Number of protein chains: 2
Amino acid sequence: MTIVDVIRRKRDGQKHSREELTFVSEAAAGKQDVDDYQLSAWLMAAYLNGLDDEETLWLTLAMASSGERLDLSSLPKPWMDKHSTGGVGDKTTLVLLPLLSACGLTMVKMSGRGLGITGGTIDKLESIPGFRTNLSSDEMLAQAAEIGLAITGQSPNLAPADKTLYALRDTTATVNSIPLIVASILSKKIAGGADHLVLDVKCGSGAFMPDLASARTLGTKLREIATMAGIRTAVAITDMSQPLGRFVGNALEVREAFEVLNKGVGRFASLCVDLAAEALVNVGIAREHEEGALLARQALESGTARERWDRWIVTQTGDKNSGEDVLANLPKSPITHEVLWDGEPGWLSRIDAGVIGQAVVDLGGGRRQKGDKVNPSVGIELGGEIGTRVEKGQALATIHARTESELKTVIPAVTHAFAIEDHAISPLPALIEWLE
Amino acid sequence: MTIVDVIRRKRDGQKHSREELTFVSEAAAGKQDVDDYQLSAWLMAAYLNGLDDEETLWLTLAMASSGERLDLSSLPKPWMDKHSTGGVGDKTTLVLLPLLSACGLTMVKMSGRGLGITGGTIDKLESIPGFRTNLSSDEMLAQAAEIGLAITGQSPNLAPADKTLYALRDTTATVNSIPLIVASILSKKIAGGADHLVLDVKCGSGAFMPDLASARTLGTKLREIATMAGIRTAVAITDMSQPLGRFVGNALEVREAFEVLNKGVGRFASLCVDLAAEALVNVGIAREHEEGALLARQALESGTARERWDRWIVTQTGDKNSGEDVLANLPKSPITHEVLWDGEPGWLSRIDAGVIGQAVVDLGGGRRQKGDKVNPSVGIELGGEIGTRVEKGQALATIHARTESELKTVIPAVTHAFAIEDHAISPLPALIEWLE
């Protein structure tokens, strides 16, 4: 088999054999004599001519096996993983890990860094002084055995084929292909070892999938292929037309996650409870969603989730202080600036997630390009969510900036991210639907 | 403009602007910060979604301008170039250059090396001891001013964008795209400076285009784009189901070309006369084909073409001997082996050009991969053309080999390249048609 033959088959719209897709994955993992420009030609052919479900499964499994795989068999079942397709202000993982761990699930997760407007969980956690995001596999397993949860950055040893293919897709306009997205996401999940998965597919201006239809298409395919690969998967479609929660920016979001674990109220907290509830149904701890939601709320209200957070942060920072103390040391921006509403009173009808996300990138809180350094302290605090009553002179947003010039750059966009109308607007739920 | 934007447009089936195609060409010439894997993704998108005539013209012109261009204005008009899409035993250039030069045309040509079954004119010429195929632009112009013709290998300075794109296409299954083929061929012709062109599009098992329909499609598009670029172009569709002439192999073909210039009979000689005739019509020296053919035959019979050959070979080898003496020193293979017909007498009905071409590659006379060294002496001499009467015990082919083991490797294939039938077969003309 040569790569030119493999490219030719997909170019001509033919179906790949399992061996051919294993060859592509091995090539991406550097185990075949294939050049990047050959892989990218194949990627474009696959983008344009597609991969069917069986091909997508074969590619996914090959990529999952392209490097090391985490073996969770020393840890108590059930093994749950969670994935979000990424959004603005999405700190859900920071809540769900301790919450579900407190409910008896083993949570071992690898997470990525942010690129563009969608933040990355690892970037958020690194705003906590001393938080380690480079745990080895053995350290992951040891920590999860001790406290029930562990998270780390993407290891180069797990699904290395994905690392190569993703980097190529990112620079060759071949990101937005359902089969390639599915293989990228699920190969890492499979390599991560969990047998249960909650998927949060976001849609709206601040998400990868702009509308409900495309989010459903992706979510459905992700669940189909995950099921074929033996992972029991629940898929939520959630709203990303407005940012999730009231804070966008790394350290700001860590603080907000902590507050949800303490108080558990509001739109973002509701989403966390919903996702946790479905995770508990998925593993069989709860019979149906309401029972799962009750268990999740109990874990929040009883403080067990908060305790788990404390142990987590203390363990993974190696700090002797409490989780709360650590938070007190989160970095803060030197400049804050309020964007005030100077029109007639009304109701917030629009907070453009894409615009807010881009503004945070422009403040230095996200990456324009891979390798950019992220500033953990900057970000935007929102005055309210869609449906909130706004009076004249009230702050629509508080911008946390590093420099006056960066602040000035983003003020016009942030100002125009909001729309206010003169009649009451119904708040939009964060959870749009669970895929049946 | 970024390359990702450009790739995305073609990925989505949109039409490129002239600026975008210039950007692609500059990128291929190393003048933009673009990686090979980005170019190959674009090539696959262009392969699958196509380029329209205007896009093909823009790409062609940009590639033609991506490096140095030959300026023929110091030479007498008309300036004629000739191009063949490549075939087995195709030594037409070796005849047409001196023949048309003898008829008053200035022939300045760059030519390529062979890859796979289609031989390269430069490889054939290099079988002549001392023949220089690396003339600089100034040397080309000086020689053409002196003797009316000059040929050299592809200069890396002319159309460098094509060099990059062709190498990528060759390894990413994106060769067989009409717009990309057209841009590749014509960019080099335009950079070479001629304003008249005879194109020989071959079809059959020994050619790039397997059938008449695909050859017509390519020929028509080549002429359309060449005309848009201001080059007056005649397109012949010629047969490549059997090898052209009686010899395949580098030194063997040089000798056969020389014999055509001396005698000018047979199927191959007829094709040379036809191509020359149309070239003479194209530049206005002849009013119609028959007049051109008469002039070409006169140049052969009067010996003026042969004299031009002698001056050419002597000039370009720097040799003091005659062209004929030089030929006497052509390399010869140590082993010759006759493949005999041991069936009933009959007529040759098939000589598979693809099989014969591959056998010559397997003998070491062609390249499996770029960079392979070519053996000039090996090859195959055919016992006749399709339609020839064959008696029992007669040689169908004489194989010229370097080693016994290489000889043994090719005997079975060569044997099966022939079919003999028990009834007379009409000889097939080499020229199928001129495109109207």
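Colleague: How many salt bridges does a search of the whole structure find over all chains?
Modeller: This is a predicted model: local features need pLDDT of at least 70, side-chain atom pairs count only at pLDDT 80 or more, and totals for chains, interfaces and linings use all residues. Side-chain values use heavy atoms and leave out hydrogens and water; residues are numbered from 1 along each chain as its sequence is written, while chains are lettered from A and ligands numbered from 1 in the order in which they are written. A salt bridge here is a side-chain nitrogen of Lys or Arg within 4 Å of a carboxyl oxygen of Asp or Glu. Over all chains, the search finds 52.

Colleague: Which helices hold Glu20(A) and Arg9(A)?
Modeller: The two side chains form a salt bridge, 3.1 Å from N to O. Parts 11 residues apart in sequence are tied together, because Glu20(A) sits in α2 (18–28) of chain A and Arg9(A) in α1 of chain A. Helices (H or I, at least four residues) and strands (E, at least two) are DSSP runs, numbered from the N terminus. So the helices are α2 and α1 of chain A.

Colleague: What relation links chain A and chain B?
Modeller: Superposition is by least squares on C-alpha atoms of residues with pLDDT of at least 70 in both copies. A turn of 180° with a shift of 0.0 Å along the axis lays chain A on chain B, RMSD 0.0 Å. That is therefore the relation of a two-fold axis.

Colleague: Which residue of chain A comes closest to the rotation axis?
Modeller: Take C-alpha positions in chain A. At 1.8 Å from the axis, the closest is Tyr37(A).

Colleague: What percentage of the contact residues of chain A recur in chain B?
Modeller: Both copies use the same surface. Contact means heavy atoms within 4.5 Å, and 19 residues of chain A touch 19 of chain B. The recurring share is 100%.

Colleague: How many residue pairs are in polar contact across the interface of chain A and chain B?
Modeller: The chains bury about 1,700 Å² between them, 70% of it on carbon and sulfur atoms (buried area: accessible area, 1.4 Å probe, lost when two parts are put together, summed over both). Salt bridges across this interface number zero. A polar contact is a pair of N or O atoms within 3.5 Å; within protein, one must be able to donate a hydrogen and the other to accept it, and residues adjacent in sequence count only if both atoms are side-chain atoms. With both residues at pLDDT 80 or more, the count of pairs is nine.

Colleague: Which helix supplies the largest share of the side of chain A that touches chain B?
Modeller: α1 (3–11) and α3 (36–49) of chain A each give at least two residues to that side. The largest share, 10 residues, comes from α3(A).

Colleague: How many charged residues does that side have?
Modeller: Ala, Val, Leu, Ile, Met, Phe, Trp, Tyr, Cys and Pro count as nonpolar, Asp, Glu, Lys and Arg as charged, the others, Gly among them, as polar. The side of chain A that touches chain B has 10 nonpolar and five polar residues, and its charged residues number four.

Colleague: Which strands of the open sheet β10-β8-β12 (chain B) are at the edge?
Modeller: The three strands are antiparallel (strands pair if DSSP finds at least two bridges between them). Pairing on one side only are β10 (389–390) and β12 (418–421) of chain B.

Colleague: Where is Pro78(A)?
Modeller: A cis peptide bond, omega about -5°, joins Lys77(A) to Pro78(A). Pro78(A) is in the loop between α4 (53–64) and β1 (79–84) of chain A.
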